[in-house]
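Grab a pencil and work through these exercises with the model open beside you. Try each task before you read its solution.

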Amino acid sequence: MKFYYTLFIVVVLLAVGCKNETCAEEKGLTSMDEYLENNNLMPQNGEQGLRYIIVEPGGEEKPNLNSFVTIRYVGMQTNDEIFDQSPGTDTRRFALRNLIRGWQLGVPLIGAGGRITLFLPSSLAYGPGGTGDICPNSELIFDIELVSFNE
């Protein structure tokens, strides 16, 4: 009986693994290293695997984890497919502490009026679960403009 239970677990794990690979293959996703090389981008390295390019530093004061941030943004996958964005020129307001870890680390690198591009490993984005149209273990790119912030 133990043999069949173990075999069942192995089959399930293989099926989940194949599903993840299939999703990435179907969407034509590349690794972040390939994406950066293909686009001749050389980001800075930050904490926990974060990579970023500060496009505009913005003001001297910077938000912290307790800040509410007002932003414009575009979220893309490594195939340049946009999966989320603030509508038109509208802004969105969020509690920074409620956002994915990559934003918590990246947004405080700029001040109000600043712009940053974040290159996030899966561990700083949505991880093995993925979300919506985002495949599990996807590396993501975010272009973010920090319009303002307050506590």
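Helices (H or I, at least four residues) and strands (E, at least two) are DSSP runs, numbered from the N terminus. This is a predicted model, in which local features need pLDDT of at least 70, side-chain atom pairs count only at pLDDT 80 or more, and totals for chains, interfaces and linings use all residues. Residues are numbered from 1 along each chain as its sequence is written, and side-chain values use heavy atoms, with hydrogens and water left out.

**Exercise 1.** Find where Gln48 lies and describe its phi.

*Solution.* Step one: look between strand S1 (44-45) and strand S2 (51-56), where the loop holds Gln48. Step two: read the phi of Gln48, which is near 55°, a positive value in a residue that isn't glycine. For background, most residues other than glycine have a negative phi. Step three: with a relative accessible area of 46%, Gln48 is partly exposed, because buried means under 20%, exposed means over 50%, and partly exposed is in between (1.4 Å probe, protein chains only).

**Exercise 2.** Now do the job for Asn137: where is it found, and what is its phi?

*Solution.* Start in the loop between strand S6 (114-120) and strand S7 (140-150), and you'll find Asn137 there. Its phi is positive, about 60°, although Asn137 is not a glycine. Asn137 is partly exposed, at a relative accessible area of 41%.

**Exercise 3.** Track down the disulfide (a pair of cysteine sulfur atoms within 2.5 Å) and work out its handedness.

*Solution.* First, the count: the structure holds one disulfide. Next, the partners: Cys23 is joined to Cys135, with an S to S distance of 1.9 Å. The two cysteines link distant parts of the chain, 112 residues apart, with Cys23 in helix H1 (residues 2-27) and Cys135 in the loop between S6 and S7. Then the handedness: the torsion about the S-S bond of Cys23 and Cys135 is about -80°, so this disulfide is left-handed. Finally, accessibility: Cys23 counts as partly exposed at 21%, while Cys135 counts as buried at 1%.

**Exercise 4.** Which residues does Thr70 touch, and is Thr70 buried or exposed?

*Solution.* Begin in strand S3 (residues 68-77), the place of Thr70. Skip residues up to four places away in sequence, and Thr70 touches Thr91, Arg92, Arg93, Glu145, Leu146, Val147 and Ser148 (contact means heavy atoms within 4.5 Å). Thr70 is buried, with a relative accessible area of 14%.
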